[in-house]
Amino acid sequence: MKKKIIFFLISILIISAILVFSSYERPERMPTAEGGQLDLTEISIKEVGPISLAGEWYFSWEQWLDPSGPNNTGERVLIDMPSKWNGQIWNGESLSGDGYATYHINIFISEVDVGKMLGLYLPNAFTSYKVWVNGRQLGEAGSPGQSRERTVPAYLPQVVYFEPQEQEIDLVFHVANFHHSKGGLWRSIRLGEDKAITSLREKQLAFEMFLIGSLFVMGLYHLGLYILRRKEKSTLYFGLFCLVIGLRAMMVGEVFFIQVFPQFPWEWIKKIEYICFYIGVPLFVSFARQLYPDEIHKLISRPLWGIASLFVAFILVTPARIFTMTLTVYQIITVIVIVVVIVSGFKAMKNKRDMSALNFGVGIFYVLTVINDFLFYNQIIITRELSPFGLFIFLFAQSFHLSTQFSRAFSKVEEVTQQLQELNQNLEKKVEERTIGLEKSQKETVEALIEMSVLEERNRIAHEIHDITGHSLTTVIVQLEAGKRLSKSQPNEAFEKMKLSQELLRKGLQRIRESVRILGEVQETMNMEEALTMLIEDTMKATGVLITTKIEEVPKLNHAQKKVIYYALQEGLTNGIRHGNSTHFHFTLQTKGSYLQFKLVDNGTGMEKVEFGFGLSAMRNRIHMINGDVSLNTEKGKGCQLVITLPLDQEFSKIKDG
């Protein structure tokens, strides 16, 4: 499957290459200018298509020859065109980039082309010019002058049209440069039929627009991928590299940027062009290192970023005529970097890294196109620009590489997701079974706790009944024995003893009945406020103590909570009366947030140290069993304060009363 994909991709690239190369001018053998003249009388411009005006032109340094006087033969020399004038010899001296000059050539066309509409394709020049055909000005780029102050630079590729009325065409250029390190007509000028020249320009412009659009789309797409997945830094560097190179592509060739912003300063166009190139190199190396970190060491990318930063800073603070001199130095650095990357790519291919063979192949192809352009720009060879096409092929392959990685990642995610879904289904069953078991266990636990509470309460009442019965019967027995001894000698005293025994038995029986009644009431559904009110009233009637209350409306309580509150109040009142000799109690029951607060305060004698006897210990245990808290504060001579807090949002609240 992998081999099929690579084969399919390579096939698409080859077809694309054929289509793009077919858009260029066919490399047929054309005549060249000799001695300042180009003879085209033996060919038809319409049939052969656009012709490059290459060859020997007349060149006059620091002279504006009259374009209306073609026979003006002022001081001049022959130079090979196209070429920059840097390094040309004039009066025994080598020329620099600053200055102005006149270019002149005579073109002789066939009779069939006379009277036909022809066109001249005028590419960029360093850095301003005006053009005349047979003494008539047809176009200009910027404003050439004889000094820096009088010269306005501009990059404006264009097509001009004219209709020759005779076979001889006198072509004159006034060119000036005081803003760039190089000067002159350095790119090939083409002559052809108007439709053919227009088509040539439109094809070149269309390809550049296609390339720029592709670069920006790929750049934004991969930046979007990085935003969604920050760990994949390869998409960050690749996206930035595409955007940077796309921006530079707008500043060169047909200078598409000028078509959109015609008033944009020429100086800043050059700055942007050079900055994009200078930071594009370390971006590419950083991207390559993300793909093959074992083959490309960080000691390559980090120093390169430092070098690029220095060059960019130099560009920002210097004019174009100075910073453009740095291009050759940086091109040498770029060539060294390319060699290092090629070696690293070969190592990656040897180590059988993912898609390293494809990357190595398209990388070599792109390097060859860059070398071609390097030689072309320095006019070592006369070809055409190929790096835009090489860049497109290379970036398309890299985009395919990244897409393949993400596709594999998505496939892995889908596989893992499916496995997780299967695990979740099994887990849901296990959780459901476990939940049912836990609910059953919890229900059994709660029922056991309630049963334990009931048992403890029964035990407590049983102990209480036992104590009451034992105490009462023991007292009655003592009184009866005393009455028996006094029955003969002191019958009145014996009668009193019998009467007292009867009263003691009546009170004991009453207390036993009250204990049994309380047990029954607590086990049945009852109104909490009514039960507490009855307990308080009975206590005041039987003992004569004063009990003030503040009972607020509270949420519905479960069986265990009701029992705790009822018996806690009973225990507190009993202990206060029996042990503290209390005569006044104040009882409050209210909600505070998610808790229910019970507070009982008395005016008894208090005690120095709190001791939990049988009753208080049983009360504390019941409170702790339902996650409550209890505190008993007392001081000698200052009474007691019993405070209980019970949580309302606990599992017990879900249990029905009874």
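Reader: What makes the crossing of H6 and H9 left-handed?

Author: Happy to start there, with the reminder that this is a predicted model. A crossing earns that name when the near helix is turned anticlockwise from the far one by less than a right angle, and the crossing of H6 and H9 is left-handed. The residues in contact are Tyr274, Phe277, Tyr278, Val281, Pro282, Phe284 and Val285 of H6, with Leu327, Tyr330, Thr334, Val337 and Val341 of H9. By class, that makes 11 nonpolar residues, one polar and no charged.

Reader: Why are H6 and H9 called roughly parallel to each other?

Author: The axes of H6 (residues 266-291) and H9 (residues 327-350) cross at roughly 15 degrees and come within 11 Å. Angles under 35 degrees count as roughly parallel, and H6 and H9 therefore get that label.

Reader: And what makes H6 roughly antiparallel to H7?

Author: Here the axes of H6 and H7 (residues 298-317) cross at roughly 175 degrees and come within 9 Å. The cut-off is over 145 degrees, so H6 is roughly antiparallel to H7. Their contact includes Trp268, Tyr274 and Arg289 of H6 and Lys298, Trp305 and Phe311 of H7. In that contact, 17 residues are nonpolar, two polar and three charged.

Reader: How do you know that strand E7 is largely enclosed by the rest of the structure?

Author: Buried means under 20% relative accessible area. In E7 (residues 99-109), 10 of the 11 residues are buried, so the strand is largely enclosed.

Reader: Which strands count as partners of E7, and what makes them pair?

Author: Two strands pair if there are at least two bridges between them. Four bridges join E7 to E1 (residues 37-40), and these two run parallel. There, Gln37 has Asn106 of E7 as its bridge partner. E3 (residues 55-61) also has four bridges to E7, but in the antiparallel sense, with Ser60 opposite Thr102. E12 (residues 168-177) pairs with E7 over 10 bridges, again antiparallel, and Asn106 is matched with Asp170 of E12.

Reader: In the sheet E14-E15-E16-E18-E17, why are E14 and E17 said to stand at the edges?

Author: Each of E14 (546-551) and E17 (629-634) has a single partner strand, so one side of each is left without a neighbour in the sheet. The sheet is open, with five strands and mixed pairing, and its twist averages 10 degrees from one strand to the next. E17 pairs with E18 (residues 640-647) in the antiparallel sense over six bridges, and Leu632 has Leu642 of E18 as its bridge partner. Helix H14 (residues 559-578) packs on the sheet, touching E14, E15, E16 and E18, and its direction makes about 10 degrees with that of E16. Helix H15 (residues 614-625) lies across E17 and E18, at about 145 degrees to E17.

Reader: What makes Asn91 count as exposed?

Author: Exposed means over 50%, and the relative accessibility of Asn91 is 57%, so Asn91 qualifies. Asn91 sits in the loop between E5 and E6 and has a positive phi, near 55 degrees. Asn581 also has a phi near 55 degrees; this residue is in the loop between H14 and E15 and, with a relative accessible area of 55%, is exposed.

Reader: How do you know that the peptide bond from Met81 to Pro82 is cis?

Author: Its omega is near 0 degrees. Pro82 lies in the loop between E4 and E5. Another cis bond joins Phe126 and Thr127, where omega is about -15 degrees. Most peptide bonds are trans.

How values were computed
Residues numbered from 1 in each chain as written. Predicted model: local features only at pLDDT ≥ 70, side-chain atom pairs only at ≥ 80, totals over all residues. Heavy atoms only, no water. Axes fitted to C-alpha atoms, helices over the stretch in contact; angles between N-to-C directions. Parallel < 35°, antiparallel > 145°, perpendicular 65-115°, else oblique. Contact = heavy atoms within 4.5 Å. Nonpolar A, V, L, I, M, F, W, Y, C, P; charged D, E, K, R; others polar. Buried < 20%, exposed > 50% of the residue type's maximum accessible area, 1.4 Å probe, protein only.
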